[in-house]
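Subject: A structure for you to explore

Hi,

Here is the structure I promised to pass on to you. Please open it beside this email, and then read on for what turned up in it.

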Amino acid sequence: MPLVSMRQLLDEAAKGGYGVGAFNVNDMEQIQAIMGAAKETNSPVIIQASRGARSFAQDRYLFHLILAAAELNPEIPIAMHQDHGNSFETCKSAIELGYTSVMMDGSLKEDGKTPASFEENVAVTKKVVDFAHARGVTVEGEIGVLGGVEDGHGAGGTGLEHVTDPDQAVEFAELTGVDALAIAIGTSHGAYKFSKKPDGSVLKMDVLIAIHKRLPKTHLVMHGSSSVPKDLQDVINQYGGKLKETWGVPVEEIQLGIRNGVRKVNVDTDNRLAMTGAIRKVLWTQPEKFDPRDYLKPAREAMQKVVAQRMTQFGQAGHAGDYQAVSIAEIAKGYKDGSLSTKPLVAR
Ligand SMILES: [Zn+2]
């Protein structure tokens with residue numbers, strides 16, 4: 001299957017009542033781990049690259065690896081997404097490269113650190129929407145500010161400092177026409193999300209539910225949604241690592257989100273932990289090894305296992321064959337004639 005529009009993938013997820021994991025990639029092994037899991041569980045999938053990933057791997061390498069994934073797995077719908085675009089130019093370059101979806105994170109200024117005003121956010125996001133939709137490309141926006149920092153991007157602090165205001169979310173969606181909306185409900189980027197075991201009230205689920213009721217056609221996105229399981233932390237620390245004790249977002253909370261309009265769930269940290277643990281184990285227990293394949297193969301397998309588990313938990317497993325890809329040109333027509341509009345929004 002050619003790369004598909006993320007909008008199509010999320011519309012299908014909404015129809016089926018499931019969520020889709022969006023997994024970050026930087027290299028071939030991570031892409032292979034995700035595709036292995038997608039094949040194993042028969043799942044549609046979102047592969048995403050941050051600005052850091054694009055510069056680490058170089059655009060052409062990364063993009064051609066994704067094309068190879070699509071070529072080798074024609075039965076799997078794959079959307080290629082720019083994670084946390086910091087400017088119109090970043091999003092434009094991703095679109096020109098062939099990404100089928102971009103996130104314009106206008107919640108922060110271009111430095112990726114300083115919270116932006118509502119007006120600044122609307123202006124830059126609307127500009128990206130106009131450019132992207134004319135080319136059939138999906139846009140995710142963000143309103144409210146997430147906690148933590150990852151890949152040098154983020155305002156820092158806890159996830160509860162700038163929780164999304166539902167009225168603002170509605171206004172933002174109305175003014176920009178984004179397809180998907182990342183909201184801040186208490187999650188943070190990175191491994192250190194919560195310093196104590198989170199209970200059922202750790203996330204502002206009431207905010208999420210209120211937003212979904214008023215924006216039923218806008219797909220909600222949960223960022224910073226790794227679960228940071230203890231067993232993955234333990235492997236790292238057992239073989240010489242030094243992770244401080246930390247807690248992520250419980251899978252049940254994500255599933256509650258999925259029942260209330262969350263269609264895209266971003267996961268990165270869990271995969272990083274799985275790979276690093278597997279590599280540490282080999283290097284620690286078999287110090288005579290020096291062929292990179294001796295540790296990259298177990299690392300790839302460990303990541304595949306986590307991704308497959310998330311695909312099952314988010315409900316996307318089994319849905320790869322539900323639909324055929326709509327061409328990006330057709331999607332562009334849908335934006336133009338209004339059939340893909342997320343409006344009308346529910347009255348306030
Ligand atoms: Zn994020």
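Arg54 lies over the face of Tyr99, at 5.6 Å from the ring centre. Please keep in mind while you look around that this is a predicted model. A second arginine is placed in a similar way: the charged end of Arg135 sits over the ring of Phe131, 3.6 Å from the centre of that ring.

Phe131 also has a ring partner. A pair of aromatic rings is described by the distance of the centres and the angle of the planes. The count of aromatic pairs here comes to three, and I will take you through two of them.

In one of them, Phe88 and Phe131 meet edge-to-face, with 5.4 Å from centre to centre and 80° between the planes. Which parts of the chain does this pair tie together? Phe88 belongs to helix H5 (residues 88–97) and Phe131 to helix H6 (residues 118–133), so the pair links parts that are 43 residues apart in sequence. Both Phe88 and Phe131 are buried.

The other pair is Phe118 with Phe172. Their ring centres are 6.4 Å apart and their planes stand at 65°, so this pair is edge-to-face; planes over 60 degrees apart count that way. Because Phe118 lies in helix H6 and Phe172 in helix H7 (residues 166–176), the pair ties together parts that are 54 residues apart in sequence. Are Phe118 and Phe172 buried or exposed? Both are buried.

Next, have a look at helix H8. Its buried residues are Met205, Val207, Leu208, Ile211 and Arg214. What covers them? The cover includes H7, strands S6 and S7, helix H10 (251–258) and strand S8 (262–267).

Just before H8 you can find Gly190, in the loop between strand S6 (180–183) and helix H8 (205–214). Gly190 has a relative accessible area of 12%, so it counts as buried, the cut-off being under 20%. Leaving aside neighbours within four places in sequence, Gly190 is in contact with Val149, Glu150 and Thr269. The C-alpha atoms of Gly190 and Gly224 are separated by 6.9 Å, although these two glycines are 34 residues apart along the chain.

Two loop residues are worth a click for their backbone angles. Asn42, which is not a glycine, has a positive phi near 55°. You will find Asn42 in the loop between helix H2 (28–41) and strand S2 (45–49), and at 33% relative accessibility Asn42 is partly exposed. Val228 has a positive phi too, near 45°. Val228 sits in the loop between strand S7 (219–222) and helix H9 (230–238), and with a relative accessible area of 3% Val228 is buried.

Finally, a pair of helices. Two packed helices are described by the angle between their axes and the distance between the axes. How do H11 and H12 cross? The axes of helix H11 (residues 269–285) and helix H12 (residues 292–314) come within 8 Å and cross at roughly 150°, and the crossing is right-handed. On the H11 side, the residues in contact include Ala274, Ala278, Ile279 and Val282. H12 brings residues including Tyr295, Ala299, Met303 and Val306. The residues of this contact divide into 13 nonpolar, one polar and four charged.

Have fun exploring, and write back with any questions!

Best wishes

Terms used
Residues are numbered from 1 along each chain as its sequence is written. This is a predicted model: local features need pLDDT of at least 70, side-chain atom pairs count only at pLDDT 80 or more; totals for chains, interfaces and linings use all residues. Side-chain values use heavy atoms; hydrogens and water are left out. Axes are lines fitted to C-alpha atoms, for helices over the stretch in contact, and angles run from 0 to 180 degrees between N-to-C directions. Helices (H or I, at least four residues) and strands (E, at least two) are DSSP runs, numbered from the N terminus. A crossing is left-handed if the near helix is turned anticlockwise from the far one by less than a right angle, and right-handed if clockwise. Contact means heavy atoms within 4.5 Å. Ala, Val, Leu, Ile, Met, Phe, Trp, Tyr, Cys and Pro count as nonpolar, Asp, Glu, Lys and Arg as charged, and the others, Gly among them, as polar. Rings of Phe, Tyr and Trp (its six-membered ring) pair if their centres lie within 6.5 Å; planes under 30 degrees apart count as stacked, over 60 as edge-to-face and the rest as tilted. Buried means under 20% relative accessible area, exposed over 50%, partly exposed in between (1.4 Å probe, protein chains only). A charge sits over a ring if NZ of Lys or CZ of Arg is within 6 Å of the ring centre and within 35 degrees of the ring normal.
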